[in-house]
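Student: Hi! I have a new model open and would like to talk it through with you. Can we start with how far to trust it?

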Amino acid sequence: MKKFLNFIKGAYLGIVVLFMYLPIAIMIFMSFTESRSAMRWQGFSFGAYRKLFSAEVGIADPLITTLVVAVVSSLLATLIGTVTAIGLHSMKKRPRSIVESITQLPMVNPDLVTGVSMMLLFAFIGLRPQLGLLRLIIAHVTFNIPYVIFSVMPKLRQSSDTLYEAAMDLGCTPIQALTKVVIPDIMPGIVSGLILAFTLSLDDFTISYFVGGTKTNLSMLLFSKTAKGGVGTEFCALSALMFLVVGILLLIVNIRSIRQEKEAAEQKKKVMRKA
Amino acid sequence: MKRVRLSYPYIFVWMPIFIVAPMLFVLYYATFRNGSFTLDYVKQVFTTSNYLPALWTSIWIALVTTAVCLILGYPVAYILSTMKKRTAALVSLLFIMPMWMNMLLRTFAWKIVLDKGGVFASITEFLTGQPSQILYTPAAVLIATIYDFLPFMILPLYTTLMKMDKSHVEAARDLGATGVQTFTKVILPLSVPGIISGITMVFVPAMSTFAVSRMLGGGKVKMIGEVIERKIMEQNDPAIGSTLSILLIILVLISMAIMNKVDKENSSTGGTLW
């Protein structure tokens with residue numbers, strides 16, 4: 001009976017995993033077909049990938065835009081987010097919770113509304129659509145900062161304030177105490193935030209679509225070419241590559257966090273045993 | 001130097017300009033014309049026949065999506081929560097990873113599956129003798145929204161069920177409850193917070209999507225997100241677009257308020273339970 005139940009459980013999980021990954025697998029499979037349309041399989045070929053990088057598709061500029069925006073916005077968001085989190089940590093509870101709830105706004109709001117609202121702001125302050133790159137970077141920094149803040153804050157809570165005070169007692173200046181003691185202590189949170197911000201930026205479509213102006217990133221290119229009508233295999237190839245890159249990044253982040261939790265649990269056990 | 005000051009640049013510059021001000025602009029465009037206050041746009045939204053049907057479509061698609069995700073996702077989360085911790089951590093990755101993946105790509109994958117001559121048509125042709133074509137129908141949009149948002153339901157459910165004190169379940173069994181009773185009287189009530197955050201995480205994005213309805217609805221399934229997008233990007237009409245955005249935000253707030261209320265009521269009855 002128990003064996004049967006376990007089988008049912010496993011089978012159910014299997015079916016849902018299949019549902020979640022089969023469409024992606026089909027898409028990746030189709031990126032290797034020789035036919036021009038993504039619907040019919042006609043022998044194996046790398047043609048779609050060759051076409052993807054040909055001048056006809058014009059992938060170079062969106063690719064560069066995506067990478068530049070992801071690198072710059074994730075670094076900026078990590079810098080601003082970390083510094084802000086350190087400040088917020090030593091703030092009184094009432095004002096802190098107000099700042100935290102406003103910071104959550106971009107996470108709670110539908111992306112569509114965030115995109116529309118930033119577009120209206122840019123129009124008002126005269127950041128023209130021709131300045132697409134700058135608009136994209138500002139928007140991405142804005143939606144990335146909350147994720148950095150909320151991955152650094154828990155680490156700050158875990159680390160003890162006495163470390164900072166001890167560093168000062170031992171003759172550190174406040175800045176030295178921060179850079180030599182506090183920051184190394186919360187480094188795992190900062191790195192997770194950075195990778196998360198980078199991934200989110202790489203992946204964003206909705207907000208970029210509204211603020212991008214004349215600049216196009218990879219998601220926008222994909223949308224403009226696939227929203228209507230038949231779809232060429234080169235976009236299967238593009239999707240396959242994007243999946244691969246983002247998937248690997250996410251795997252790194254998640255395995256890191258699992259390992260950290262495990263280490264933290266072991267550390268706790270050791271401390272308990274000593275006590 | 002006080003450490004608090006480190007947060008000032010963000011609190012006094014970035015946050016007001018890039019988080020608060022944009023929202024005020026949406027409000028401004030929705031309620032002002034040529035610098036004077038007006039409710040015309042609000043009236044227009046509720047009296048013109050263009051907007052309300054799209055809103056209803058969005059609401060029912062979001063409701064069905066949420067219900068199906070809950071029914072499909074709960075067993076997954078429950079099974080994961082009964083597994084050994086180390087195995088569960090790895091297996092759950094399979095279900096959580098898609099959550100962070102580009103929704104556009106995942107929707108696009110369904111377009112390939114559902115399109116004329118695609119895998120879906122071949123399967124239905126094999127089964128019934130006739131290829132069935134569901135691309136550009138509400139069914140296609142629904143499949144994609146369920147697919148896109150299922151991970152957002154599974155994750156909060158899984159977290160809640162995993163953190164649940166298993167001794168409650170053992171106590172119920174020791175006191176003679178059957179498996180079904182244990183589930184309906186103990187496990188289900190204790191997992192309400194997870195259900196609630198799952199519902200919010202699915203309902204809100206499902207209601208406001210525009211990429212899914214554009215790609216798989218092909219203009220035949222009109223949802224509110226797509227109307228907003230058209231108004232703003234194609235017709236250059238930020239007034240109506242903003243008004244509809246505000247409406248969307250209000251709907252989000254209402255659904256969150258309902259969820260909070262359910263949560264509170266549940267925890268108060270939960271309190272008397274023990």
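Tutor: Happy to. This is a predicted model, and pLDDT is the predictor's confidence in each residue, from 0 to 100. For chain A the mean pLDDT is 88, with 97% of its residues at 70 or more.

Student: Where in chain A is confidence lowest, and where is it highest?

Tutor: The lowest is helix 11 of chain A, with a mean of 80. The highest is helix 3 of chain A (residues 60–89), at 95.

Student: And what should I do where pLDDT is low?

Tutor: Where pLDDT is low, the predicted coordinates should not be read in detail.

Student: OK, on to the fold. How many helices and strands does chain A have?

Tutor: Chain A has eleven helices and zero strands. Going along the sequence, the pattern is therefore simply α-α-α-α-α-α-α-α-α-α-α.

Student: What is the radius of gyration of chain A?

Tutor: Chain A comes out at 23 Å, whereas a compact globule of 275 residues would be near 19 Å. Along the principal axes, the C-alpha atoms of chain A fill a box of roughly 70 × 70 × 30 Å.

Student: How much of chain A is buried?

Tutor: Buried residues are 42% of the 275 in chain A. As for contacts in chain A with a separation of 6 or more, 78% of them join residues 24 or more positions apart.

Student: Let's go to the interface. How many residues does each chain put into the contact?

Tutor: Chain B gives 63 residues and chain A gives 58 residues. On the chain B side, the elements that give two or more residues include helix 1 (8–31), helix 3 (51–82), helix 5 (103–114) and helix 13 (238–273) of chain B.

Student: Which of the chain B helices gives the most to that side?

Tutor: Helix 1 of chain B, with 14 residues. By class, the side of chain B that touches chain A has 48 nonpolar, eight polar and seven charged residues.

Student: I've clicked on A:F243. Where is it, and what does it touch?

Tutor: A:F243 belongs to helix 11 of chain A, residues 233–274. Not counting residues up to four places away in sequence, A:F243 touches A:I24, and across in the other chain B:M101 and B:L105. The C-alpha atoms of A:F243 and A:D203 are separated by 9.5 Å, and these two residues are 40 apart along the chain.

Student: Why does A:F243 count as partly exposed?

Tutor: Because it has 19 C-beta neighbours inside 10 Å, and a residue needs 20 or more to be buried.

Student: How is chain B divided into domains?

Tutor: Chain B has domain 1 (1–38) and domain 2 (53–273). Their C-alpha centres lie 32 Å apart. The contact between these domains takes four residues from domain 1 of chain B and six residues from domain 2 of chain B. On the domain 1 side, the residues divide into four nonpolar, no polar and no charged.

Student: Which residues touch the most other members of the largest nonpolar core?

Tutor: A:V116 and B:I154, in a core of 142 residues. Helix 7 of chain B (residues 138–163) gives the most to this core, with 16 residues. Domain 1 and domain 2 of chain B both give residues to this core, so it lies between them. As for B:I154, its contacts beyond four places in sequence are B:G73, B:V76, B:A77 and B:F95.

Student: Last topic, backbone angles. Which sign of phi do most residues have?

Tutor: Most residues other than glycine have a negative phi. B:N34 is not a glycine, yet its phi is positive, about 50 degrees. B:N34 sits in the loop between strand 1 (32–33) and strand 2 (36–37) of chain B.

Student: And what about B:N236?

Tutor: B:N236 has a positive phi too, about 55 degrees, and is not a glycine either. You'll find B:N236 in the loop between helix 12 and helix 13 of chain B.

Student: Are these two asparagines buried or exposed?

Tutor: B:N34 is exposed, with 5 other C-beta atoms within 10 Å. B:N236 is exposed as well, with 8 other C-beta atoms within 10 Å.

How values were computed
Residues are numbered from 1 along each chain as its sequence is written. Chains are lettered from A and ligands numbered from 1 in the order in which they are written. This is a predicted model: local features need pLDDT of at least 70, side-chain atom pairs count only at pLDDT 80 or more; totals for chains, interfaces and linings use all residues. Helices (H or I, at least four residues) and strands (E, at least two) are DSSP runs, numbered from the N terminus. The radius of gyration is taken over C-alpha atoms; the globule rule is 2.2 Å times the number of residues to the power 0.38. A residue is buried if 20 or more other C-beta atoms lie within 10 Å of its own, exposed if 12 or fewer, and partly exposed in between; C-beta atoms are placed from the backbone. Two residues are in contact if their C-beta atoms, placed from the backbone, lie within 7 Å. Ala, Val, Leu, Ile, Met, Phe, Trp, Tyr, Cys and Pro count as nonpolar, Asp, Glu, Lys and Arg as charged, and the others, Gly among them, as polar. Domain bounds come from an automatic or database domain assignment. A nonpolar core is a set of buried Ala, Val, Leu, Ile, Met, Phe, Trp, Tyr and Cys residues joined through C-beta atoms within 7 Å.
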